[in-house]
Amino acid sequence: MSKAPQSQSPWTARILTLFPEMFPGPLGHSLAGKALERGDWAIETIDIRGFATDRHRTVDDTPFGGGPGMVMRPDVVDAALDDATRDGLAPAIYLTPRGRVLDQALVKELSAGRGVVLLCGRYEGLDERVIEARGLMEVSLGDFVLSGGEPAAIALIDAAVRLLPGVMGAEETLEEESFESGLLEYPQYTRPAEWCGRQVPDVLMSGHHEKIKAWRKLQAERTTQSRRPDLWAAYQKRLAQDGAGQNQKKGRAS
Ligand code: SAM
């Protein structure tokens with residue numbers, strides 16, 4: 001994906017939806033909301049219904065071949081996508097349980113671009129032909145079925161916006177978070193030092209930065225190993241590759 005070109009317009013989330021009133025919703029609050037007010041990013045909604053051509057403003061129809069529910073019409077969605085991509089904003093993403101599951105790597109890639117066009121499905125989803133014809137990227141929030149793409153759009157935008165320059169206060173906070181190093185985060189504690197008979201681990205009260213760092217790394221590794229064997233395997237593979245790379249460099253230098 002290309003880097004953001006030099007332009008004045010901020011990172012933009014352009015959302016195609018049948019429910020524009022759902023936005024900015026939670027994105028108008030806290031970190032994302034303050035960044036929105038500052039103009040660090042922008043949100044635009046496009047009402048898909050505005051592209052219906054009949055007097056009933058129909059956006060869906062029954063599925064060919066039978067079956068329950070309704071399907072969003074390709075002609076209406078295609079016209080809405082024409083409008084959403086008029087200035088070349090990309091990628092255009094269809095939020096769907098069939099898509100690549102959203103992860104931090106994809107969030108980073110998306111936040112490094114100009115923005116995203118997000119198409120929120122409803123009913124039984126979109127006519128397949130518009131997905132093919134427009135080459136839509138398909139992204140899922142996870143292995144479950146939402147009633148519409150809007151909550152998935154909100155989650156994706158929230159994750160991307162907090163990575164934009166200047167949105168989070170301390171850059172170090174980002175570096176230590178879950179997934180940044182391929183590991184889940186270590187456990188966090190704050191005051192009081194004793195609560196309901198539970199103590200904060202001594203090492204965190206020691207003021208010994210190296211020991212704290214080592215303890216946190218160990219905790220992050222243990223949590224990842226026990227909760228997410230998939231991440232743990234990928235982490236170990238990367239360590240092995242890094243180790244092999246270092247050895248090769250040493251071999252060349254000697
Ligand atoms: N019939 C579809 C299926 O079985 O895959 C589910 C359609 S769902 C009721 C309606 C819309 O919600 C979808 O078109 C999609 O935009 C959105 N949606 C549902 N689950 C999602 C998920 N896990 N990730 C992203 N979007 C989702």
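These are my notebook entries on a predicted model of a protein chain with a bound ligand.

**Entry 1. The ligand site**

I began with the residues around the ligand and found 20 of them. Among these, the closest are Tyr-94, Leu-95, Gly-121, Phe-144 and Leu-146. I then looked up the polar contacts made by nitrogen atoms of the ligand. One lies 2.8 Å from a polar backbone atom of Phe-144. For Leu-146, the partner is again a polar backbone atom, and the distance to a ligand nitrogen is 2.9 Å. With Glu-124, the side chain supplies the N or O atom, at 3.0 Å from a nitrogen of the ligand. I noted next that the ligand taken alone exposes 580 Å², of which the protein buries 83%. Two elements, β5 (92-101) and β7 (137-140), each give two or more residues to the shell. Strand β5 accounts for the largest share, four residues.

**Entry 2. Asp-60**

I asked which side chain of opposite charge is nearest to Asp-60. It is Arg-49, at 5.7 Å, and Asp-60 is buried without a salt bridge. The cut-off for a salt bridge is 4 Å, so a separation of 5.7 Å does not qualify. Asp-60 belongs to strand β3, which covers residues 60-61. Setting aside neighbours within four places in sequence, I listed its contacts as Met-70, Val-71, Met-72, Arg-73 and Tyr-123.

**Entry 3. Tyr-123 and Cys-196**

Tyr-123, one of the contacts of Asp-60, drew my attention for its backbone. Its phi is positive, about 55°, although the residue is not a glycine. I placed Tyr-123 in the loop between β6 (115-120) and α4 (128-134). Its relative accessible area is 39%, so I entered it as partly exposed.

I recorded a positive phi for Cys-196 as well, near 50°, again in a residue other than glycine. Cys-196 sits in the loop between β8 and β9. With 62% relative accessibility, Cys-196 is exposed.

**Entry 4. Cis peptide bonds**

I looked up two cis peptide bonds that lead into proline. From Phe-23 to Pro-24 the bond is cis, with omega near 0°. Pro-24 is in the loop that runs between β1 (11-17) and α1 (30-38). The bond joining Arg-191 and Pro-192 is also cis, with omega about 0°. I located Pro-192 in the loop between α6 (171-176) and β8 (194-195).

**Entry 5. Gln-199**

Is Gln-199 buried or exposed? I entered it as exposed, because its relative accessibility is 55% and the threshold for exposed is over 50%. Gln-199 is part of strand β9, residues 198-199. Apart from neighbours within four places in sequence, its contacts are Ala-193 and Glu-194. I also noted the C-alpha separation from Tyr-189, 10 residues away along the chain, as 9.6 Å.

**Entry 6. Salt bridges**

Side chains of opposite charge can pair when their charged atoms come close. I counted 16 salt bridges in the model, and I followed three pairs and one network.

Arg-134 and Asp-78 form a salt bridge with an N to O distance of 2.7 Å. This pair links distant parts of the chain, with Arg-134 in helix α4 and Asp-78 in helix α2 (residues 74-84), 56 residues apart. I recorded Arg-134 as partly exposed at 25%, and Asp-78 as partly exposed at 28%.

Glu-221 and Lys-217 form a salt bridge at 3.5 Å, N to O. How many residues separate Glu-221 and Lys-217 in helix α8? They are four residues apart in this helix (residues 209-227), and therefore about one helical turn separates them. Glu-221 is buried at 17% relative accessibility, whereas Lys-217 is partly exposed at 47%.

Arg-228 and Asp-230 also meet in a salt bridge, with N to O at 2.9 Å. Both ends of this pair are partly exposed: I noted 31% for Arg-228 and 46% for Asp-230.

Last, I traced a network of salt bridges that links Arg-14, Glu-44, Asp-83, Arg-86, Asp-87 and Arg-114.

Definitions and conventions: Residues numbered from 1 in each chain as written. Predicted model: local features only at pLDDT ≥ 70, side-chain atom pairs only at ≥ 80, totals over all residues. Heavy atoms only, no water. Buried < 20%, exposed > 50% of the residue type's maximum accessible area, 1.4 Å probe, protein only. Lys, Arg positive; Asp, Glu negative; His and termini not counted. Contact = heavy atoms within 4.5 Å. Near = heavy atom within 4 Å. Polar contact = N/O pair within 3.5 Å; in protein donor to acceptor, adjacent residues only side chain to side chain. Areas by Shrake-Rupley, 256 points an atom, 1.4 Å probe, with all protein chains shown as cover.
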